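Trainee: I'm new to this one and would like a close look at a single part: the empty spaces inside the protein and what lines them. Could you walk me through that?

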Amino acid sequence: MDPLIEGLRGRLVVSCQAYPGEPMRDPRTMAQIAQAVVAGGAAAVRAQGIADVRQVVTAVDVPVIGLWKDGDDGVYITPTLEHAVAVAEAGAQIVALDGTRRPRPDGRTLAETVAGLREQADVLVMADCGSIADALAAQDAGVDILGTTLSGYSGERPKTVGPDLELVDEMVAGCTLPVMVEGRVHTPAQAAEALAHGAFSVCVGTAITHPTTITTWFADAVATARG
Ligand SMILES: CC(=O)N[C@H](C=O)[C@@H](O)[C@H](O)[C@H](O)COP(=O)(O)O
């Protein structure tokens, strides 16, 4: 296993993303958030968009998992080889890309995308999967680490309230590559539970770095208590 991946074993990764039109959508802000989560113990940071990846890699001394979201439905996480190369060139040590079996916008298979990326950059690859079938196919395609990122978003799995632990179980049992649990990990207890299910590492986004959503959780609870 690559030492950089090995360094994530049993560790927390934090995704630092702001969405289009949001007040925190600024690479400098995301770099500061990244520094803040590293100070709290994040072993790696996940960052979205070329400008954010560039800024974050200069701001932190932990590995950066970079991605480029283009659109918001279908295959939108680093959807083409061109996107993947750009993320690598921006300085990410790990490039995260859509690891589903859906057709990709540039017509390349995942295996062709991974091979093409490796020809152009010395970089590790994370496959954001939505099912066990995705994970097995991504493993065959030559990626380095598998994520549950797209469970509940690609149409193959229900959107569980917390992380999709059933998928974690299937991936841990069926795959040889390390499994990063990602998606809807909202509490420290859920993060710990994912590791107990055999996840290699845990990636948390919203519950740490998206204050608008976190605020709605509290505001809703307060509104309910108010009656
Ligand atoms: C489905 C999709 O587009 N997921 C994205 C992938 O980078 C992000 O929007 C998520 O915030 C990230 O995966 C972390 O998950 P959560 O924010 O639930 O902890």
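Mentor: Let's start with the residues around the largest cavity: Thr148, Thr149, Ser151, Tyr153, Pro163, Asp164, Glu182, Gly183 and Arg184 line it. Keep in mind that this is a predicted model. Sorted by class, that lining has 2 nonpolar, 4 polar and 3 charged residues. The volume of the largest cavity is about 30 Å³, and the count of cavities of 30 Å³ or more comes to 1. In general, you find empty space of this kind by rolling a probe the size of a water molecule over the atoms.

Now hold on to a few of those names. Tyr153 lines the largest cavity, and Tyr153 is also listed among the residues closest to the centre of the largest pocket. So what about that pocket? About 840 Å³ of space lies in it. Its lining takes in 31 residues, and the closest to the centre are Gln17, Tyr19, Lys69, Tyr153 and Thr206. Three elements give two or more residues each to this lining: β2 (44-48), β8 (201-204) and α9 (206-209). Of the elements, α9 provides the largest share, with 3 residues. By class, the pocket lining splits into 12 nonpolar, 12 polar and 7 charged residues.

Next, look at what is in there: the ligand sits in the largest pocket. A shell of 16 residues surrounds the ligand, with Tyr19, Tyr76, Glu182, Arg184 and Thr206 the closest. You've met two of these already, since Glu182 and Arg184 are in the lining of the largest cavity. Tyr19 and Thr206 should ring a bell too, as both are among the residues closest to the centre of the pocket. The shell around the ligand divides into 7 nonpolar, 5 polar and 4 charged residues.

Zoom in on the ligand's oxygen atoms and you can pick out some polar contacts. One is with tyrosine 19, where an N or O atom of the side chain is 2.7 Å from a ligand oxygen. Glutamine 17 also uses its side chain, with an N or O atom 2.9 Å from an oxygen of the ligand. With glycine 205, the partner is a polar backbone atom, 2.9 Å from a ligand oxygen. As for how covered the ligand is, it exposes 450 Å² when taken alone, and the protein buries 92% of that.

How values were computed
Residues are numbered from 1 along each chain as its sequence is written. This is a predicted model: local features need pLDDT of at least 70, side-chain atom pairs count only at pLDDT 80 or more; totals for chains, interfaces and linings use all residues. Side-chain values use heavy atoms; hydrogens and water are left out. A residue is near a molecule or strand if one of its heavy atoms lies within 4 Å of it. A polar contact is a pair of N or O atoms within 3.5 Å; within protein, one must be able to donate a hydrogen and the other to accept it, and residues adjacent in sequence count only if both atoms are side-chain atoms. Accessible areas come from the Shrake-Rupley method with a 1.4 Å probe; for residues, only the protein chains shown count as cover. On a 1 Å grid over the protein atoms alone, a cavity is a set of points where a 1.4 Å probe fits but cannot get out, and a pocket is an open set with protein on both sides within 12 Å along at least five of seven lines; lining residues have an atom within 4 Å of a point. A molecule sits in a cavity or pocket if more than half of its atoms lie within 2 Å of its grid points. Ala, Val, Leu, Ile, Met, Phe, Trp, Tyr, Cys and Pro count as nonpolar, Asp, Glu, Lys and Arg as charged, and the others, Gly among them, as polar. Grid points are joined across faces, edges and corners, and a volume is the space filled by probe spheres set on the points. Helices (H or I, at least four residues) and strands (E, at least two) are DSSP runs, numbered from the N terminus.
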